[in-house]
Amino acid sequence: MEASSPASHLLVNKSRIRLFGLSFDDCIRVFFGGNAIVSIIVLALITYFLFREGAGFFGQNRQNLTVYRQAGLEYIDFIRAQQDDHTALTRYLSDLRLRQFRHYTQEAKLPVADANAKLAVFDDFAGQFGDTVEPIRTLVSDLTEQASAIKEKFTVMEDKKEERRQLMAEGRKGDADRVIITPVNFAEELKPIIGTLPAYKEASAEFSRRIEQVLATAPVLPTPELQVRMDRFKQLTREYLSGFPAVVSHLESWDYAKPVPAVQALTSFIFGREWLTASFWQDWYGVIPLLVGSLMVSAVALLLAVPLGVGAAIYVNQIATPAEQKFIKPGIEFISAIPSVVLGFFGIAVLGQALRALSQASWLSWVPGFPYSERLNILTAGCLLALMAVPTIFTLAEDALNNVPRAFKEASFALGATRLQTVIKIIVPASLSGIISAVLLGLGRVIGETMVVLLCAGNRIAIPDFSAGLAVVTQPVHTMTGIIAQEMGEVVQGSIHYRALFVVGILLFFLSLGINYVAQIVVRRYRISIG
Amino acid sequence: MPATHHVFRAQLTSARRREGFIFFLFGAATYFVLLCGAVVIGTIVVRGAGTVFQARAPFINTTFFTEAPESLHVFQYQGRKMELGDAAFRTFEAAHPDVAKGKSDSYVYSAGGIFPCIVGTVLLVVGSMAIALTLGVCAAIYLNEYARDGTFIRFVRLAILNLAGVPSIVFGLFGFGMFVIFFGWNVSLLAGWFTLAFMVLPVIITASEESLKAVPKGFREGSLALGATKWQTIIKNVLPYALPGILTSSILGIARVAGETAPIMFTAAYVVRDKLPWQVDKFSDFFFQGVMALPYHIYVVSSKIPQNEYTERVQYGTAFVFLLIVALIATASIVLRNRLRNRYKW
Amino acid sequence: MVITAPILMDTLPSAPTIRPATAPAPAATAPAGQAAPAAETLIDIDHVDFFYGQSQALHDVSLQIEDKKVTAFIGPSGCGKSTLLRCLNRMNDLIDGTRVAKGSIKIRGVDIHQADVDVIELRKRVGMVFQKSNPFPKSIYENITFGLRLQGVTNKARLDEVVEKSLRGAALWDEVKDRLNASGLGLSGGQQQRLCIARAIAVEPEVILMDEPCSALDPVATAKVEELIQELRTRFTIVIVTHNMQQAARCSDKTAFFYMGKLIEYADTRNIFTNPANAQTEAYVSGRFG
């Protein structure tokens, strides 16, 4: 057949260009595939570079902690803690004075001068109590100087070592040899410090004796309520005194050569309650204050954003007229387009002041924490972040509500349910997984947000005082994102501080991956089967 | 018998009243959110308008748009209060030697304009979107046109999903670690471009894939059945119809790129730079220079310098201009999307 | 108002006497097909097993499709008729996890699943018209010339000629000749489907596969497409999948009945409808199931 041979020729692929055994179409396919892999590569690169810069932190932190011990700083901090606890007690006393003063001026309606006169006895007592610490204070300040000197010597030695290493690397062996490194003999250097143990015991005994004496002269306070506080103070002081032997035994058993376990470099980061950098004494890289700050701000933001976002989603999806929907949806989408730095600026320029002014309004004084004086705090940042999270939560929750089959709603109505009953008993439960994942993704957005918290959270690196109850939200905090943004520009590359910031970044990275993961699980596992 | 006494007569029961109240709360929540958004935007627009517009012709403060930030000098001269920018102050001083030295207060960044910031932001957006669109559209084509379900594709999708959740500051750290330090690009446009591009990549991929999905299957099958290769089909019969959707959805990506501060803080942004980006010695330097950018400038003027009535003007002005740019981009995307939706119906 | 094919089919049982009356129609309208005694086999389907992932869609199907004839595939939904049709130009390649596990499909003696077969070349020679008309959102002219342009034809005169010829071939020329630059999407459903047919014949394939081409059309448009099929049969080999038995009876020379992925019966259309060899075929064509 004449037709059959051209047909078989045409069907067989011969003429196409091949490259490395791939046809043109295969090459294109590979090219597009390559682009698709980019997202995997980027994720891998993020992980790699965060660890590349951050991993060195743990070694450096261990070194940091080792020096803290070897130079005797740790030894002195035992004593310093004793001093700090005493300071806390005196603060309790000043608080007590304030309460008495208020009692005299507000309830007994005495003039200020009279009130102060009435407090003279108490002031005398408080003053004496404050002075009791003197022997310890002198000792600590002497020791501080000595330990600082040892640490300084060590730092100089490290610098010299580094200098020599660099010279060697440049191949200038002669110069390198000329760098003199004087090794620090910690045992020798520490002798004078440890040698103060008898003096400490003496001072401590003196201290404790004086406290006992002062305590015996404690005045009786005017009201039973205040007296209860005074008794509480006495009890606290006794507990404080009973802790003294423990300090002594700590000091006696302290050994500068005891190695710092490797895991402590990690635990001191994760559980460390202090983030203290560029300090003359000792730097601490504990993430807890930052983590708590981030979580507090996020919690406030979600507390505000979830009801608003989900409520708005239900309203738009179930109640609003089509005309309302037409402007509400773009309106809320538009809010999500407001750049975070603009919101942060708004917080600094307007919202902070406005909220503080509101808190000082007398009719709101029943609200816990009101009035407050810090303009930038958890509340300010939380309000703004809530505004950022609402569009995310709204959009995703609205999608979830939209995915509930009409049949559910119609069936419910047909049974005589009201709209509210239908919404609460049928629609919301059916879309609950979607709503929960919307909230989680909102949390992810909020916890990773930088500019608003950097500008509006107050940037005080401390764990907020939870004993204040709900009023805790009026305290300033610092956050994980904020600290990176603030300090990254100022640190020396490769320093422990620099690496610590990267480790915070790693934590943040995995935290957001975790939140994302949970959101996906929620959606996948609890999705109702539709159709 | 009165008509109102039939069984179906509507009654104001307690359930009905509760329903009304709760629905009112939902509505109140919705409008409260909108109100908050309006207050934020309104404050900035109203107070920023004072800087951006002026009473005299041409009614727009051209200095603010065309000049670099300067220090503002405030001083008394012959009983009048004078406010002059740095350059103007110097000429004034030269012309009037009797100006008492040291009697003037100066406020950084409070005079002049924000031209270099606008330029920097535009450069950052253009470059990073070019990179992100190339990578993102190609990835979306692969995912929608070529990929078959399998472990690999599941991984890709998982990566995209997770990449979307990575905080922007982490992208900043990554960009710093990789481009600025490891590649040695220093703080530069190039480093900023790639950092921003990777950050916005998931948005672009998702948007592009959705647009590609919206192109009916029949277009592909019809084309293939006529003997088109896969590549010809994609180029001639899929991309042209998906492209408008891709571009409009990507505009939201632009808004994000323009608005982010954290990723460029350590990778591309300078607090202040005298030279404009095109004032470079050789061509390649263009890519390796840092730039000023609007969002970073807002951050600097609102938290890094002492606050007073003079800095406030530049703060609100910059925020207003920035918001205006972002709003224009976002509105353009919404309008375009609606128009294209109407035009392409199949 | 659209009367769909199934409804038409539903009329069959209630009026069984129509069937013998319509069934001889192919014989009457296609005497040429009957006169040519030894029709040449164009497509040879040989013991084909086909899988979608784990589920088998075709079981050991063998049949020979003759050149320049109209072959109809009938059977209830999900019987595998469309699957087999899509195998013929390897459109199934586009669906994940599909494979021909056994057997071969040969066109003019060439196994089309062979590694060195260029699927693009195959599809040029085996065109396809889909169930849902799918004109591209381009002008009518561009729709028709799409295939030729792919092959690199740019000569305007040549393209014009092909457009006219194809549109005339698809009986659409008179309706659209004044608006060739209007969008193909502006045509009515029946016109769109004929445009798709014109688009398919413009590349001069040997075979045209039609996958339920009339299922979305109203009866008038269906009649036009059926007329068109009668005209095309002299130039092309046509394989048509249909739900509508009357349609199969009216247009086709040979009919294959599929059930549950198996080829039950394959014979001259007249025989299938008047004197089926198999009881299942009998039951189906008389409208007792399906």
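A polar contact is a pair of N or O atoms within 3.5 Å, where, within protein, one atom must be able to donate a hydrogen and the other to accept it, and where residues adjacent in sequence count only if both atoms are side-chain atoms. By that rule, the interface of chain B and chain C holds four residue pairs in polar contact, both residues being at pLDDT 80 or more. The model is predicted, so local features need pLDDT of at least 70 and side-chain atom pairs count only at pLDDT 80 or more, while totals for chains, interfaces and linings use all residues. Residues are numbered from 1 along each chain as its sequence is written, chains are lettered from A and ligands numbered from 1 in the order in which they are written, and side-chain values use heavy atoms, with hydrogens and water left out.

**First stop: chain B against chain C**

Select chain B and chain C together, and look for the 21 residues of chain B and 27 residues of chain C that take part in the contact (contact means heavy atoms within 4.5 Å). The two chains bury about 1,900 Å² between them, with 62% of that on carbon and sulfur atoms; buried area here is the accessible area (1.4 Å probe) that two parts lose on being put together, summed over both. On the side of chain B, colour E221(B), A225(B) and L226(B), which supply 32% of the area that chain B buries against chain C, more than any other three residues.

Keep E221(B) selected and add R86(C), because their side chains meet in a salt bridge at 2.9 Å, N to O, the term standing for a side-chain nitrogen of Lys or Arg within 4 Å of a carboxyl oxygen of Asp or Glu. One salt bridge is what the rule finds across this interface.

Next, show α8 (217-225) and α9 (230-259) of chain B, each of which supplies at least two residues of the side that touches chain C; helices (H or I, at least four residues) and strands (E, at least two) are DSSP runs, numbered from the N terminus. Of the elements on this side, α8(B) gives the most, with seven residues.

**Second stop: T233(B)**

Move along to T233(B), which is found in helix α9 of chain B. At 3% relative accessibility, T233(B) counts as buried, a class that means under 20% relative accessible area, with exposed over 50% and partly exposed in between (1.4 Å probe, protein chains only). Leaving aside neighbours within four places in sequence, T233(B) is in contact with R220(B), S223(B), L224(B), A228(B) and V238(B).

**Third stop: chain B against chain A**

Now select chain A with chain B, where the contact takes 75 residues from chain B and 74 residues from chain A. These chains bury about 6,800 Å² between them, 80% of it on carbon and sulfur atoms. In chain B, the residues that lose the most area to chain A are F23(B), V33(B) and L173(B), together 9% of what that side buries.

Between chain B and chain A the count of salt bridges is zero, and three residue pairs are in polar contact, both at pLDDT 80 or more. Highlight helix α1 (residues 14-52) of chain B, which gives the most to the side that touches chain A, with 19 residues.

**Last stop: chain A alone**

Finally, show chain A by itself, with its 23 helices and four strands. The C-alpha atoms of chain A fill a box of roughly 120 × 85 × 40 Å, taken along the principal axes, and buried residues make up 48% of the 531 residues in the chain.
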